[in-house]
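Visitor: I have a model on screen and want the terms used for it justified by their cut-offs. Please go through them one at a time.
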Amino acid sequence: MPAHAFELREGEGFLSANWLEYFDGGESDALAATAFAISQSRAVRSSHAFAIGNVAAIKAACSEFDVRVRIVHEPDAGNESHAAVRRFKDDDLELLELLAQDAWSRVIEAKPPLDRVGPWRARP
Amino acid sequence: MSSLLTMPRSRSVLEMPAGAVMPSLGVGVDSKSIEARLRSIRQLLTEPVSNIANVRDTDLTGATLPEQLRSKALSLKRIAGAVAMHLTKDWRLKLFARIDELCSPEDWDEPCDLPSEQSFSTFLRMIIYLHPTRRPGIGLSNRGHFVAAWTRGSDRIVIECIGNDEVRWVLSKITDGERESGAGKVSLHRIPDVIAGYEPEELFNDAHRLLA
């Protein structure tokens, strides 16, 4: 997972994420449901990947850099598991690297979950 | 001074007369690395490597996204082609294939900026300057900057090529079980100096050759 994946896009006020345990079932069920939920607002492709992070570890990593984040469940239209990492600052590359290497470092290819919930609809 | 020159090799350093001038044990290695650095700087200053520093980002306003991406891929390959004599054929082909992947309309994430030619020129100049023998992973940041990453186990250096020979780097390395990290923004010719303390040689080198 590259550190740059945690950079906010222009105009983005928070880091967008999904609450994996919002969905019932095992991890692969939850990932498939998450892939579907995300696809309501943006394309999810088999070349993509999901990075799984632990809320406590993310908060701890951020606080090492004096960034006191709030991770809040904020359902979006069509994406009920949406969560926002608020008060996040992306100007310290060392923090982004710490997230990428430790707190948010478990990477799962998107293809298996996508294969479970296909056929995939076209991008809106 | 003369006593030092006639001194038997086995004599302890502690027995040397006070004030004796000691030759530096590292002088051979230092002079070699200085020589290599000067060679790299000279390469940056000579054509065609110096010419690519002046490329500008093409404005593709009005074109469709697939057209924009196709045009960017062509433009990036043209820049790499200008310094092709410095790249091995094998790596050049891999680099071109990676450009095609990064500029694929099917995989493009729309909120991201298009790849920047200026950033790519900094990337190529950085490769020519650093002379790594290990291939980096190459990606794009949201801002369209080329990002090069060298990883070995849990150790990694990621360098974002901002453009105009400026880079943003972050290095993390496990030393004695503890993660150490550092980051900064420098001109590309300063990279070796600012990361030297992390002993990054293993990250940059293996048996591969990138440069001809």
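Visitor: How many cavities of 30 Å³ or more does the count give?

Guide: The count gives one cavity of 30 Å³ or more. This is a predicted model, where local features need pLDDT of at least 70, side-chain atom pairs count only at pLDDT 80 or more, and totals for chains, interfaces and linings use all residues. Residues are numbered from 1 along each chain as its sequence is written, chains are lettered from A in the order in which they are written, and side-chain values use heavy atoms, with hydrogens and water left out.

Visitor: What makes a set of points a cavity?

Guide: On a 1 Å grid over the protein atoms alone, a 1.4 Å probe must fit at the points but be unable to get out. Points are joined across faces, edges and corners, and the volume is the space filled by probe spheres set on them. The largest cavity holds about 30 Å³.

Visitor: Which residues line the largest cavity?

Guide: Gln43(B), His86(B), Ile128(B), His131(B), Leu211(B) and Ala212(B); a lining residue has an atom within 4 Å of a point. By class, three are nonpolar, three polar and none charged. Ala, Val, Leu, Ile, Met, Phe, Trp, Tyr, Cys and Pro count as nonpolar, Asp, Glu, Lys and Arg as charged, and the others, Gly among them, as polar.

Visitor: Why is the pair of Tyr22(A) and Phe23(A) called edge-to-face?

Guide: Rings of Phe, Tyr and Trp (its six-membered ring) pair if their centres lie within 6.5 Å; planes under 30 degrees apart are stacked, over 60 edge-to-face and the rest tilted. Nine aromatic pairs are found over all chains. Tyr22(A) and Phe23(A) lie 5.2 Å apart, centre to centre, with 90 degrees between the planes, so the pair is edge-to-face.

Visitor: Why does Tyr22(A) count as partly exposed?

Guide: Buried means under 20% relative accessible area, exposed over 50%, and partly exposed in between (1.4 Å probe, protein chains only). Tyr22(A) is at 33%, so it counts as partly exposed.

Visitor: What makes Trp169(B) and Tyr198(B) an edge-to-face pair?

Guide: Their centres are 6.4 Å apart and their planes 65 degrees, so both criteria are met. Both residues are buried.

Visitor: Why do β1 and β5 of chain B stand at the edges of the sheet?

Guide: The open sheet has the order β1-β2-β3-β4-β5 (chain B), with antiparallel pairing. Strands are DSSP runs (E, at least two residues), numbered from the N terminus. β1 (137-140) and β5 (178-187) each have a single partner strand, so one side of each lacks a neighbour in the sheet.

Visitor: How do you know that β1(B) and β2(B) pair?

Guide: Pairing requires at least two DSSP bridges between two strands. β1(B) and β2 (residues 146-152) of chain B have four bridges, so they pair, in the antiparallel sense.

Conventions:
1 Å grid on protein atoms, 1.4 Å probe; cavity = no way out; pocket = protein on both sides within 12 Å on 5 of 7 lines; lining within 4 Å.
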